[in-house]
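Visitor: I should like to take a close look at one part of this model, namely its aromatic side chains and the packing of a helix. Please describe what the coordinates show.

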Amino acid sequence: MRIIIVGDGKVTYHLIKNFIAKGYEVSVINDQDEYCDYLASKTNALVIKGDGANPYYLNQAGANKADIILALTDNDPDNLYICQVAKSYFQIPKTFSVVNNPDNEEMFKELGVETIFNTTKLISLLIEQRVEVSNVSNLISIEEGRLNISQVILPPNSPIIGKTLKEINLPHDIVFGCIIRDEQILIPKGDTKLLEGDKTLIITLPEKQAEAFEILLGE
């Protein structure tokens with residue numbers, strides 16, 4: 001696999017080391033003399049000094065044979081343009097970009113950047129996944145945070161204790177994945193009754209998560 005990285009800093013350096021260790025061919029484009037010299041002395045990557053948005057330097061980096069390009073600069077317009085040039089000039093199949101300003105994420109999607117790393121959202125999700133509040137644990141987020149899976153342990157005062165799923169009448173965008181009860185895993189159906197201490201796995205859209213917790217916990 002051939003990967004081109006446009007960027008600098010420690011993240012770029014460690015990505016290069018990681019990719020090369022896995023046997024990938026890596027090219028890096030950066031316009032800073034000192035950083036390029038550093039990478040050339042510390043890694044086996046092909047280091048190109050120049051503007052990563054310029055087709056000339058992309059060509060030097062092997063863009064005509066690249067499988068992936070990563071735009072990792074701290075300037076969103078530059079990252080967007082790098083991905084567009086890579087796709088339109090060189091038909092690089094996969095474009096990845098960092099989005100430093102969360103407000104730019106939708107624009108990047110609309111303009112064809114395949115995979116977007118919204119740094120603000122990713123950090124927030126990582127924190128949420130590792131924070132347990134009362135009876136709630138955020139287990140995982142899917143599709144860059146567009147779908148959440150959470151575990152809710154039903155307390156004694158839960159308003160749904162003793163009710164069946166049919167009686168709860170959950171909104172369509174809140175789904176019970178399964179129930180863990182006394183080390184048994186139950187796939188819930190309409191007539192499944194919920195009991196105190198049940199560990200319920202729920203699948204929700206992020207904007208519906210608070211509503212789901214209110215239904216299950218009453219708070």
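**Aromatic pairs and a packed helix**

Guide: In this predicted model, the count of aromatic pairs comes to four. One of them joins Phe-19 and Tyr-24: the ring centres lie 5.9 Å apart and the planes meet at 45°, so this pair is classed as tilted. The two partners can be described separately by their accessibility. Phe-19 has a relative accessibility of 15% and, because buried means under 20%, counts as buried. Tyr-24, with a relative accessible area of 28%, is partly exposed. Another pair is formed by Tyr-56 and Tyr-57, whose ring centres are 5.1 Å apart; their planes stand at 80°, and the pair is therefore edge-to-face. Within it, Tyr-57 is partly exposed, at a relative accessible area of 23%.

The packing of helix 2 may be taken next. Helix 2 spans residues 33-42, and Tyr-35, Cys-36 and Leu-39 are buried in it. These three residues cover an arc of only 100° around the axis, which means that they lie on the same side of helix 2. An α-helix has 3.6 residues a turn, so residues three or four places apart point the same way. The buried residues of helix 2 pack against three elements: helix 1 (9-21), strand 2 (25-30) and strand 3 (46-49). On the face turned away from this buried side, helix 2 carries the exposed residues Glu-34, Asp-37 and Ser-41.

How values were computed: Residues numbered from 1 in each chain as written. Predicted model: local features only at pLDDT ≥ 70, side-chain atom pairs only at ≥ 80, totals over all residues. Heavy atoms only, no water. Buried < 20%, exposed > 50% of the residue type's maximum accessible area, 1.4 Å probe, protein only. Helix = DSSP H or I, 4+ residues; strand = E, 2+ residues; numbered from the N terminus. Arc of directions from axis to C-beta. Contact = heavy atoms within 4.5 Å. Phe/Tyr/Trp six-rings, centres within 6.5 Å; stacked < 30°, edge-to-face > 60°.
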